[in-house]
Amino acid sequence: MATTAQPPTTPNDLASVTKTLDLLAPRWSVWVLMTLSSQPLRYAEIKPRLPWLADGQLHPRLRHLTGAGVVERTEYAPRHVTYGLTRRGAELLPVLAQIASWGDTYLEKQFVTSKATGELEPERIPPAQNIDDALALIAPRHAAPILVTLQARGRASAKSLAAEAMPGYGLTAVYKPLDRLVADGLVTATGSGDFQLSASGRALAPVFQSITAWALLPPAGSDPLRQRGTAPSRTRSGPWATTPTRLPAPAVPAAPSVGPALVPTPLDGPAWKSGDLFSHQIPARPITPAGGPRR
């Protein structure tokens with residue numbers, strides 16, 4: 001029997017999940033965050049690490065993430081500007097780890113021939129691509145509210161989902177996003193006409209929990225380190241309208257790293273090994289219904 005009420009925190013959960021997905025979903029946002037996860041970098045150092053971005057795509061992504069308070073632009077001199085994660089951005093890395101882990105476990109993979117053994121094995125997908133592919137399923141409008149509502153209820157009718165996940169919309173509006181979630185393998189229809197999460201949909205619970213926890217973290221103003229004037233790239237945690245005051249350039253600029261900047265091992269999440277992020281070209285895979293939720 002379907003549960004008739006949601007926990008009282010669900011409206012806040014829905015809002016926090018939706019806002020965070022809106023931050024991450026624009027293409028290349030995750031790749032930029034992961035590129036900056038190890039150290040601040042200059043534009044000329046970021047661009048070679050993201051060779052798939054067409055000219056003119058990197059600046060909009062940096063502005064988007066800076067405006068959201070997860071990346072900070074620091075100007076040392078007119079021609080010496082770096083971009084790095086704020087404290088808020090660094091706290092987002094475990095969330096990305098949760099999404100990447102879910103995508104690697106539940107999203108479909110093609111089988112490719114192993115160069116070492118000559119046998120077929122699942123293709124190896126870069127973590128950032130797993131995140132992007134997962135976001136393509138859960139970030140579209142109304143998808144997350146429907147999934148979170150079903151997480152809370154267990155099962156629900158289309159009418160209940162329309163009322164709780166899409167308030168202000170008519171009943172017919174729920175069917176398009178609901179049908180998409182069914183086609184993507186995250187939701188299944190029951191024999192009684194209700195809907196419930198599939199196994200892969202239920203496995204999204206830690207993802208939504210980590211997103212909600214990140215979104216509800218205390219504001220940056222409560223951070224004593226920020227009030228003591230610690231370096232901006234380690235303390236700022238909110239959007240700001242102007243470029244920070246110019247700082248003296250480091251006495252000895254850090255040498256560019258040999259490999260791409262990758263996220264460190266996050267707490268309670270998978271480790272990204274050196275070279276994982278950029279060791280594969282972005283795979284072009286057909287969408288198929290078999291083998292798990294489609295990419």
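## A covered strand and a small open sheet

Strand β3, spanning residues 80-85, is mostly covered, with six of its six residues buried. Please keep in mind that this is a predicted model.

**Strand β3 and its partners**

Let's stay with β3 for a moment. Which residues of β3 lie on each side, and are they buried or exposed? His80, Thr82 and Gly84 sit on one side, Val81, Tyr83 and Leu85 sit on the other, and all of them are buried, so both faces of the strand are covered. The split into two sets fits a general pattern: in a regular strand the side chains alternate between the two faces of the sheet.

Two strands are described here as partners of β3. Strand β1 (residues 41-42) runs antiparallel to β3 and is joined to it by two bridges. Within this pairing, arginine 42 has threonine 82 of β3 as its bridge partner. Threonine 82 is also one of the buried residues of β3.

Strand β2 (residues 71-77) is antiparallel to β3 as well, and here six bridges join the two. Glutamate 75 stands opposite valine 81 of β3. How many residues make up the hairpin connection from β2 to β3? The hairpin passes through two residues.

**The sheet of β6, β8 and β7**

Further along the chain there is an open sheet of three strands, in the order β6-β8-β7, with antiparallel pairing. Its edge strands are β6 (155-156) and β7 (187-189), each of which pairs on one side only. In general, strands of a sheet pair through backbone hydrogen bonds, either parallel or antiparallel.

Strand β8 covers residues 195-197 and pairs with β7 in the antiparallel sense over three bridges. Valine 187, for instance, has leucine 197 in β8 as its bridge partner. What lies across this sheet? Helix α8, residues 143-153, lies across β6, β7 and β8, and runs at about 90° to β8.

Here are the antiparallel pairs with their bridge counts:

| Strand pair | Bridges |
|---|---|
| β1 and β3 | two bridges |
| β2 and β3 | six bridges |
| β7 and β8 | three bridges |

**The protein as a whole**

Stepping back, the secondary structure comes to 14 helices and eight strands. The protein has 295 residues, and 43% of them count as buried. Among contacts between residues at least 6 apart in sequence, 70% join residues at least 24 apart. The accessible surface comes to about 14,800 Å², and carbon and sulfur atoms account for 57% of that area.

Technical notes:
Residues numbered from 1 in each chain as written. Predicted model: local features only at pLDDT ≥ 70, side-chain atom pairs only at ≥ 80, totals over all residues. Heavy atoms only, no water. Pairing = 2+ DSSP bridges. Helix = DSSP H or I, 4+ residues; strand = E, 2+ residues; numbered from the N terminus. Contact = heavy atoms within 4.5 Å. Axes fitted to C-alpha atoms, helices over the stretch in contact; angles between N-to-C directions. Buried < 20%, exposed > 50% of the residue type's maximum accessible area, 1.4 Å probe, protein only. Areas by Shrake-Rupley, 256 points an atom, 1.4 Å probe, with all protein chains shown as cover.
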